[in-house]
Amino acid sequence: MKLTLIGTGYVGLVTGACFAEVGHQVMCVDNDAAKVKLLQSGGIPIYEPGLEELVKKNVAAGRLAFTTSTTEGVQKSDVIFIAVPTPPQPDGSVDLSFIERVARDIAAAMTTYKIVVDKSTVPVKTGEKVAETIKRYCPAKVEFDVVSNPEFLREGFAVGDLMKPDRIVIGVRSQRPVAAMKEIYTPFKAPIIVTDINSAELIKHAANSFLALKISYINAIANVCEAAGANVQEVAQGIGLDERIGRRFLNAGIGFGGSCFPKDLSAFIKIAGQIGYDFRLLKEVQRINADQMDWFVKKIIDTLWVLKDKKIGVLGLAFKQNTDDVRSSPAIDLCQRLQKEGATLRVHDPKAMDKTRSILKNVTYVDDMNAVADGCDALVVATEWDEFKKLDLERARKSLTHPIMFDGRNLFDRAEMERLGWIYKSVGR
Ligand code: UGA
């Protein structure tokens with residue numbers, strides 16, 4: 001099928017590449033001319049495992065192209081996906097102005113029936129507004145359908161999540177676009193559920209909020225474990241084997257971050273409030289997440305006492321492993337708090353250092369993870385990169401003034417670290 005995606009961020013670009021990979025003819029539109037030029041020349045603006053190969057392969061096969069022209073994108077395809085950002089606003093709601101702008105641009109360019117699909121994460125009832133906007137701003141007055149088709153990919157695993165999705169959600173207000181939407185997704189061999197538009201929009205917010213709730217729950221349990229002398233990883237294993245609970249997303253740490261969970265929680269609480277429900281459960285999820293970082297910083301201060309003039313090595317800047325994304329990263333929040341306390345920092349991340357330089361200043365960026373601890377008073381693990389497990393612990397122990405590690409992601413085995421002579425503090429163990 002001929003498909004257009006408007007917006008080449010994580011969702012738009014990865015979705016476009018995967019649609020092309022299964023044989024669709026895909027046009028990706030972005031108003032950032034420099035980005036389009038980069039993509040046309042085979043460059044990728046983000047780090048996402050497997051994406052570069054997929055884009056190159058499908059561009060070479062003639063199934064994937066990039067343009068800055070929304071008109072071209074709209075006129076060449078039957079189905080137009082909106083995949084533009086919906087950034088947070090200070091009051092917790094989301095800025096829907098990019099969605100509105102794109103809806104108007106699509107409307108202006110439509111001369112035949114189109115299916116306009118919202119893939120961006122939006123509050124419930126946005127689809128209704130998009131439909132109203134397209135109707136109002138379409139001079140050709142052609143027929144169209146609006147569909148909500150939320151995306152569930154995780155950064156760092158986006159290609160795999162897209163090629164093998166758990167489910168496809170299609171929210172519609174009439175049956176007309178259903179066959180085409182099913183045809184697009186048939187090659188992905190996933191269960192497809194068809195709902196009304198409001199339910200589809202709610203599925204996305206409800207799913208992300210539930211996952212965030214799982215993380216806050218295990219972080220709360222971690223606090224109880226610490227007080228009781230228990231081990232949160234064993235508790236997570238013990239409860240996670242119950243299929244109704246599941247082990248995934250039960251890793252205690254310094255809290256969740258990223259461009260989705262914090263924003264989606266706030267947006268869900270906000271929209272729920274606006275339509276008449278005070279979502280206190282989710283407010284508590286937010287509070288536990290904020291407390292988790294306070295508690296970890298306190299743990300560092302309790303051990304090191306005064307941080308002024310102390311040197312701390314930090315492993316990890318990205319909001320999680322396998323990505324260079326640092327938006328709302330707990331690791332960066334932690335670094336800034338340590339700086340506020342007067343500590344000087346040596347930091348390392350396998351992929352996210354370039355994106356951090358403009359945000360985190362007055363720190364030493366260290367290319368080799370094994371050199372981060374050099375001359376420091378303590379080492380902190382802030383992101384769950386697998387490769388940190390291969391850290392040269394002997395070298396780190398010798399290069400620190402005291403062998404102190406604060407493991408905010410429980411990457412190392414506590415008994416083993418203590419056996420090696422570390423003063424080792426982790427989360428809930
Ligand atoms: C999340 C969802 O997992 C995706 O399904 C969804 O499509 C996406 O948001 C989105 O709305 O676009 P993502 O933000 O890429 O994906 O990252 P996650 O893997 O969910 O991790 C989020 C945060 O939770 C990270 O900071 C991570 O370190 C933390 N986390 C995750 C934990 O602290 N513990 C866990 O057990 C799992």
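A cavity here is a set of grid points where a 1.4 Å probe fits but cannot get out. Keep that in mind as you open this model, which is a predicted one.

**Stop 1: the cavity**

The structure holds one cavity of 30 Å³ or more. The largest cavity has a volume of about 40 Å³. To see its walls, select Asp118, Ser120, Thr121, Val122, Ser148, Asn149, Pro150, Glu201 and Lys204, the residues that line it. Try colouring them by character: the lining divides into two nonpolar, four polar and three charged residues.

**Stop 2: Lys119 and Glu151**

Now select Lys119 and Glu151. These two form a salt bridge, and their closest N and O atoms are 3.0 Å apart. The pair links distant parts of the chain, 32 residues apart. Lys119 sits in the loop between strand S5 (114-118) and helix H6 (126-137), while Glu151 sits in the loop between strand S6 (144-148) and helix H7 (158-163).

Are these partners buried or exposed? Lys119 has a relative accessible area of 2%, so it is buried. Glu151 is at 9%, so it counts as buried too.

**Stop 3: Lys76 and Glu72**

For a salt bridge within one helix, go to H4 (residues 70-76), where both Lys76 and Glu72 lie. The two are four residues apart, about one turn of the helix. The closest N and O atoms of this salt bridge are 3.0 Å apart. Switch on a surface and look at both partners: Lys76 is partly exposed at 46% relative accessible area, and Glu72 is partly exposed at 28%.

**Stop 4: Asp294 and Arg337**

Next, select Asp294 and Arg337, whose side chains meet in a salt bridge with an N to O distance of 2.6 Å. Which helices does this pair bring together? Asp294 belongs to helix H12 (residues 280-304) and Arg337 to helix H13 (residues 330-340), so the salt bridge ties together parts that are 43 residues apart in sequence. Both partners count as partly exposed, with Asp294 at 39% relative accessibility and Arg337 at 26%.

While you have salt bridges on display, add Glu155, Asp325 and Arg327: salt bridges that share partners join these residues into one network. If you want to go on exploring on your own, the structure holds 32 salt bridges.

**Stop 5: along helix H12**

Stay with H12 and show the whole helix. Put a distance label between its end C-alpha atoms and you should read 36 Å. That agrees with expectation, because 25 residues at 1.5 Å a residue should span 36 Å.

Now pick out the buried residues of H12: Leu282, Val285, Ile288, Asn289, Gln292, Met293, Trp295, Phe296, Val297, Lys299, Ile300 and Leu304. Lys299 is worth a click, since this lysine is among the buried residues of the helix. Asp294, from the previous stop, is partly exposed, whereas Met293 and Trp295 are buried. Step just past the end of H12 and you reach Trp305, which takes a positive phi of about 65 degrees.

**Stop 6: positive phi in two loops**

Which other residues can you visit for a positive phi? Start with Lys141, which is not a glycine yet has a positive phi of about 50 degrees. You will find Lys141 in the loop between H6 and S6. Its relative accessibility is 60%, so Lys141 counts as exposed.

Then move to Phe249, also not a glycine, with a positive phi of about 65 degrees. Phe249 is in the loop between helix H10 (232-240) and helix H11 (261-274). At 27% relative accessibility, Phe249 counts as partly exposed.

**Stop 7: His24 and helix H1**

Select His24, in the loop between helix H1 (10-21) and strand S2 (25-29). His24 is at 5% relative accessibility, and therefore counts as buried. What lies 2.9 Å from a polar atom of the His24 side chain? Show the backbone of Ile184 as well: the atom is its backbone oxygen.

Finish in helix H1 itself with Val11. This residue is partly exposed, at 23% relative accessible area. For a last distance label, join the C-alpha atoms of Val11 and Arg397: these residues are 386 residues apart along the chain, and the atoms are separated by 41 Å.

Methods. Residues are numbered from 1 along each chain as its sequence is written. This is a predicted model: local features need pLDDT of at least 70, side-chain atom pairs count only at pLDDT 80 or more; totals for chains, interfaces and linings use all residues. Side-chain values use heavy atoms; hydrogens and water are left out. A salt bridge is a side-chain nitrogen of Lys or Arg within 4 Å of a carboxyl oxygen of Asp or Glu. Buried means under 20% relative accessible area, exposed over 50%, partly exposed in between (1.4 Å probe, protein chains only). The expected span of a helix is 1.5 Å times one less than its number of residues. On a 1 Å grid over the protein atoms alone, a cavity is a set of points where a 1.4 Å probe fits but cannot get out, and a pocket is an open set with protein on both sides within 12 Å along at least five of seven lines; lining residues have an atom within 4 Å of a point. Grid points are joined across faces, edges and corners, and a volume is the space filled by probe spheres set on the points. Ala, Val, Leu, Ile, Met, Phe, Trp, Tyr, Cys and Pro count as nonpolar, Asp, Glu, Lys and Arg as charged, and the others, Gly among them, as polar. A polar contact is a pair of N or O atoms within 3.5 Å; within protein, one must be able to donate a hydrogen and the other to accept it, and residues adjacent in sequence count only if both atoms are side-chain atoms.
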